[in-house]
Amino acid sequence: IRLDGAGDTLTVPSTSTVAFGTGTFTVEAWVYIVSAGGAGGDRGIFQTGGSHFPTSASNSVALTVGTNKWSIYANNTSTQSAATYNLENKWYHVAVVRSASTTKLYVDGVEAISVSDSTNYTGTYLGIGAVYGAANAQCFNGSISDFRVVKGTAVYTSAFTPPTAPLTAITNTSLLLNGTD
């Protein structure tokens with residue numbers, strides 16, 4: 001999907017697949033970032049919760065991108081990557097993985113964030129392309145491809161070689177969402 005950062009989002013109907021409980025999970029995708037955020041705050045790639053885009057982040061898992069930093073929201077806390085990235089106009093493989101009470105973000109197969117996390121995630125909604133109420137300031141501007149949720153399996157537990165990148169042509173030929181779909 002191609003999102004323009006101006007209110008475009010994708011929501012998934014309520015499903016027990018994203019009610020991770022205290023178990024293991026993996027959420028991964030390829031993302032191409034056109035604009036990584038700024039004055040309006042981080043731009044959301046995905047968020048789980050009790051509604052499509054809950055305005056409260058408690059009891060949710062989220063992945064965002066800001067100016068030169070990745071952030072995950074897990075264990076009721078937002079944590080930024082220590083490393084800085086030249087984020088715009090490049091494909092990245094991202095994977096948020098919880099295993100053994102630790103949630104990690106892998107960027108291109110390299111661990112970028114690790115947090116202790118034994119939260120009981122009960123939300124059954126998944127929103128893609130925004131976070132925290134889906135205000136335009138938090139809407140993602142770029143492309144998302146090969147989005148996958150795996151409940152009950154930590155697909156990655158250490159550094160890895162990411163799967164093959166999506167076609168770069170997707171940035172010009174993919175479906176552009178207009179409005180909330």
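Let's start at one residue and work outward: asparagine 141 is buried, with a relative accessible area of 13%. Keep in mind that what you're looking at is a predicted model. Asparagine 141 lies in strand β12. If you skip its neighbours within four places in sequence, it still has plenty of company. Its contacts include Arg2, Leu3, Asp4 and Gly5. They also include Tyr32, Ile33, Val34 and Ser35, and Arg43 is on the list as well.

Those contacts lead us into the sheet. Six strands make up an open sheet, and reading across it the order is β1-β12-β3-β8-β9-β10, with antiparallel pairing. The edges belong to β1 (2-4) and β10 (110-116); each has a single partner strand, so one side of each has no neighbour in the sheet. From one strand to the next, the twist averages 25 degrees.

Now step along the sheet from β3. Strand β3, residues 25-35, pairs with β8 in the antiparallel sense over eight bridges. For a landmark in that pairing, find tyrosine 32, which stands opposite tryptophan 91 in β8. Tyrosine 32 should look familiar, since Tyr32 is among the contacts of asparagine 141.

Strand β8 itself covers residues 91-99 and is mostly covered, with eight of its nine residues buried. On to β9: six bridges join it to β8, and the two run antiparallel. Arginine 98 has threonine 103 in β9 as its bridge partner. The hairpin of β8 and β9 has two residues between the strands, and here alanine 100 takes a positive phi near 50 degrees. If you like checking backbone torsions, that's one to pull up.

The last step across the sheet goes from β9 (residues 102-107) to β10, an antiparallel pairing over six bridges. Here leucine 105 stands opposite isoleucine 113 in β10.

Next, look for empty space inside the model. How many cavities of 30 Å³ or more are there? The count comes to one, and the volume of this largest cavity is about 30 Å³. Its lining includes Val27, Glu28 and Ala29, along with Ile45, Phe46 and Leu63. Val94, Val96 and Phe147 line it too. Sorted by element, β3, β4 (43-49) and β8 each supply at least two residues of that lining. The largest share, three residues, comes from β3. By class, the lining has eight nonpolar residues, no polar ones and one charged residue.

Finally, let's visit a loop. Phenylalanine 160 is found in the loop between β12 (141-151) and α1 (170-173). Is this loop residue buried or exposed? Phenylalanine 160 counts as buried because its relative accessibility is 16%, and the cut-off for buried is under 20%. Leaving aside its neighbours within four places in sequence, phenylalanine 160 is in contact with His93, Ala95, Tyr106, Asp108 and Gly109. That brings us back to the sheet, since β8 spans residues 91-99 and β9 spans residues 102-107. As for distance, phenylalanine 160 and valine 107 are 53 residues apart along the chain, with their C-alpha atoms separated by 9.8 Å.

Notes: Residues are numbered from 1 along each chain as its sequence is written. This is a predicted model: local features need pLDDT of at least 70, side-chain atom pairs count only at pLDDT 80 or more; totals for chains, interfaces and linings use all residues. Side-chain values use heavy atoms; hydrogens and water are left out. Helices (H or I, at least four residues) and strands (E, at least two) are DSSP runs, numbered from the N terminus. Buried means under 20% relative accessible area, exposed over 50%, partly exposed in between (1.4 Å probe, protein chains only). Contact means heavy atoms within 4.5 Å. Two strands pair if DSSP finds at least two bridges between them. Axes are lines fitted to C-alpha atoms, for helices over the stretch in contact, and angles run from 0 to 180 degrees between N-to-C directions. On a 1 Å grid over the protein atoms alone, a cavity is a set of points where a 1.4 Å probe fits but cannot get out, and a pocket is an open set with protein on both sides within 12 Å along at least five of seven lines; lining residues have an atom within 4 Å of a point. Grid points are joined across faces, edges and corners, and a volume is the space filled by probe spheres set on the points. Ala, Val, Leu, Ile, Met, Phe, Trp, Tyr, Cys and Pro count as nonpolar, Asp, Glu, Lys and Arg as charged, and the others, Gly among them, as polar.
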